[in-house]
Amino acid sequence: MLGSSPLAAAPVEPTAAKVAEIKAKLLQMPNLPFKFPEAPPVDVESKLKAQFGRELTLEETTVARAMATHPFFMELTPDQEAKRQELRAKASKSINEIGQARREKALALFAEPPAAALSDKEYRSFPVTSVLDVSPNTKLIKFKLPTPNTPLGLPVASCLTTRAVIDGKDEVRPYTPISTEDTLGEFDLLIKSYPDGKMSKHITSLKVGDSLDFKGPFPKFPYEANSKKAIGMVAGGTGITPMLQVIKKVLANPRDKTELRLIFANETEADILLKAELDGLAQLYPNFKVYYTLTNPPAGWTGFTGYVNKTTLASVLPPPSDEHIILVCGPDGMLSAVSGPKTKDRKQGELGGLLKDMGFTAEQVYKF
Ligand SMILES: Cc1cc2nc3c(=O)[nH]c(=O)nc-3n(C[C@H](O)[C@H](O)[C@H](O)COP(=O)(O)OP(=O)(O)OC[C@H]3O[C@@H](n4cnc5c(N)ncnc54)[C@H](O)[C@@H]3O)c2cc1C
């Protein structure tokens with residue numbers, strides 16, 4: 001019984017042209033071949049062979065086989081035909097759903113990421129989400145960006161400026177976020193509060209929910225993975241902030257093989273900012289080593305003591321080479337002693353100080 005199959009209504013005359021036409025039609029049909037196991041497929045191949053009166057060509061055999069497994073040529077009862085329609089409707093619905101989900105996924109992959117939160121043209125305000133004491137006078141303050149996927153837009157290593165009205169006057173100061181450009185939805189500032197410091201006191205007294213105005217980024221040292229074999233770092237106090245950007249950037253990239261050597265100078269052990277985090281990173285990553293020097297060390301202190309000097313630097317830093325670079329950041333006195341001061345307009349200026357005496361060239365040193 002051929003049921004409602006077109007084979008029953010009008011037997012095909014399978015000329016080559018007809019085969020081509022049917023083949024084209026089959027190829028246009030979705031879900032080919034649509035298997036309907038309860039219905040025996042029509043033996044289209046032998047029917048065609050009989051009608052041609054010869055062996056079929058390879059192409060004709062292929063078409064015939066496709067026809068034989070297609071419901072269009074199956075002998076279906078009305079019930080089976082209804083079932084087939086129902087299954088087909090379901091299949092195309094789920095195929096449409098899968099297609100839609102895939103399209104959305106692909107679009108999301110190729111979609112532009114949300115625009116950077118920072119602008120170097122105008123100040124934008126971001127709210128505080130947490131405040132953490134990290135030393136007697138320094139706080140780690142977290143700010144929220146407009147969406148969880150929004151990047152701050154701050155290439156390593158860069159700083160930004162904050163603006164606030166303090167005592168009726170607009171004050172602006174630079175700060176260096178310690179989160180990297182890969183952090184989304186938030187960023188961290190590490191701020192030391194000075195007793196007479198206008199901005200530092202203002203920021204460290206912010207509470208969760210308060211907001212602060214930011215502008216930037218202002219790029220400083222453009223870091224590129226594996227551009228140097230080793231990076232030496234000399235930091236004092238909050239001078240650790242740009243170093244943290246570089247350290248996190250290097251260590252977050254498993255393909256970045258750069259060796260990092262940090263000497264962190266402070267007065268007392270309590271002044272060492274984020275010591276536990278730095279020590280933790282040094283334990284986790286063999287390419288990162290951290291050393292401390294204290295001018296006022298506690299009893300039993302095993303690190304370096306006093307201001308950084310040639311002996312300390314020589315035992316910690318990679319030696320002078322164009323494959324190495326030394327980054328320096330800290331109070332003006334330390335910067336002058338280690339690398340010579342920056343110019344009045346905050347340009348690099350000439351290399352001086354201990355690093356020059358040790359044989360480094362101006363190109364092998366960067367002053368933040
Ligand atoms: C590129 C750059 C990035 C910086 N990033 C950070 C950062 O990430 N975190 C951070 O905490 N700071 C950072 N600073 C320092 C910051 O910009 C301010 O200078 C600092 O917070 C003091 O500003 P203030 O308004 O509180 O003090 P001001 O009102 O400008 O100064 C008032 C008084 O505070 C005292 N004071 C101010 N600065 C110092 C100092 N360095 N040493 C000793 N006494 C001082 C002095 O007594 C001074 O007379 C950065 C500076 C630069 C140039």
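Helices here are DSSP runs of at least four residues (H or I) and strands are DSSP runs of at least two (E), each numbered from the N terminus. That numbering is what names helix 6, which gives the shell around the ligand more residues than any other element does: four of them.

**View 1. The whole chain, to get your bearings.** What you're looking at is a predicted model. The protein chain contains 11 helices and 12 strands. Of its 368 residues, 30% are buried. Take the contacts between residues at least 6 apart in sequence: 70% of them join residues at least 24 apart.

**View 2. The ligand and the residues around it.** Which residues come nearest to the ligand? Out of the 18 around the ligand, they are G197, K198, M199, S200 and T241. Strand 4, strand 5 and helix 6 (198-204) are the elements that each give two or more residues to this shell. Sorted by class, the shell is made of eight nonpolar, five polar and five charged residues. And why does the ligand lie between domain 2 and domain 3? Because domain 2 (124-219) and domain 3 (230-367) both give residues to the shell around the ligand.

**View 3. An open sheet of six strands.** Follow the sheet across and you'll meet its strands in the order 4-3-6-1-2-5, with antiparallel pairing. At the edges are strand 4 (169-175) and strand 5 (186-192), each of which pairs on one side only. Ignoring direction, neighbouring strands of this sheet are turned by 40° against each other on average. A bit of background: strands of a sheet pair through backbone hydrogen bonds, and they can do so either parallel or antiparallel.

**View 4. Strand 1 and its two partners.** Now zoom in on strand 1 (residues 124-135), which pairs with strand 6 (residues 211-219) in the antiparallel sense over four bridges. You can pick out individual pairs here: P127 has S211 as its bridge partner, and F126 has L212. Strand 1 is also joined to strand 2 (residues 138-144), by six bridges, and these two strands run antiparallel. How many residues does the hairpin between strand 1 and strand 2 go through? Two residues make that link. Look for S135, which stands opposite T138 in strand 2.

**View 5. Strand 11, buried on both sides.** Strand 11 (residues 324-329) is mostly covered, with six of its six residues buried. H324, I326 and V328 point one way from the strand, while I325, L327 and C329 point the other way, and all of these are buried. Strand 11 pairs with strand 7 (residues 230-236) in the parallel sense, over six bridges. In that pairing, M233 stands opposite L327. Three bridges also join strand 11 to strand 12 (residues 365-367), and this pair runs parallel too. One pair to find is I326 with its bridge partner V365 in strand 12.

**View 6. Helix 10 and what covers it.** Which residues of helix 10 are buried? They are M334, L335, A337, V338 and S339. It helps to know that an α-helix has 3.6 residues a turn, so residues three or four places apart point the same way. The buried residues of helix 10 are covered by several elements, including strand 7, strand 8 (259-266), strand 11, helix 11 and strand 12. Just after helix 10 comes G340, with a positive phi of about 85°.

**View 7. R346, out on a loop.** Between helix 10 (332-339) and helix 11 (353-357) runs a loop, and R346 is found in it. Is R346 buried or exposed? With 11 other C-beta atoms within 10 Å, R346 is exposed, because a residue with 12 or fewer such neighbours counts that way. R346 and K367 are 21 residues apart along the chain, and their C-alpha atoms are separated by 9.4 Å.

**View 8. L294 and its contacts.** L294 is found in strand 9 (residues 288-294). L294 has 20 C-beta neighbours inside 10 Å, and 20 or more makes a residue buried, so L294 counts as buried. T268 is 26 residues from L294 in sequence, but C-alpha to C-alpha the two are 5.8 Å apart in space. Setting aside neighbours within four places in sequence, L294 is in contact with N266, E267, T268, E269, W301, G303 and T305.

Conventions: Residues numbered from 1 in each chain as written. Predicted model: local features only at pLDDT ≥ 70, side-chain atom pairs only at ≥ 80, totals over all residues. Contact = placed C-beta atoms within 7 Å. Pairing = 2+ DSSP bridges. Axes fitted to C-alpha atoms, helices over the stretch in contact; angles between N-to-C directions. Near = placed C-beta within 6 Å. Nonpolar A, V, L, I, M, F, W, Y, C, P; charged D, E, K, R; others polar. Domains from an automatic or database assignment.
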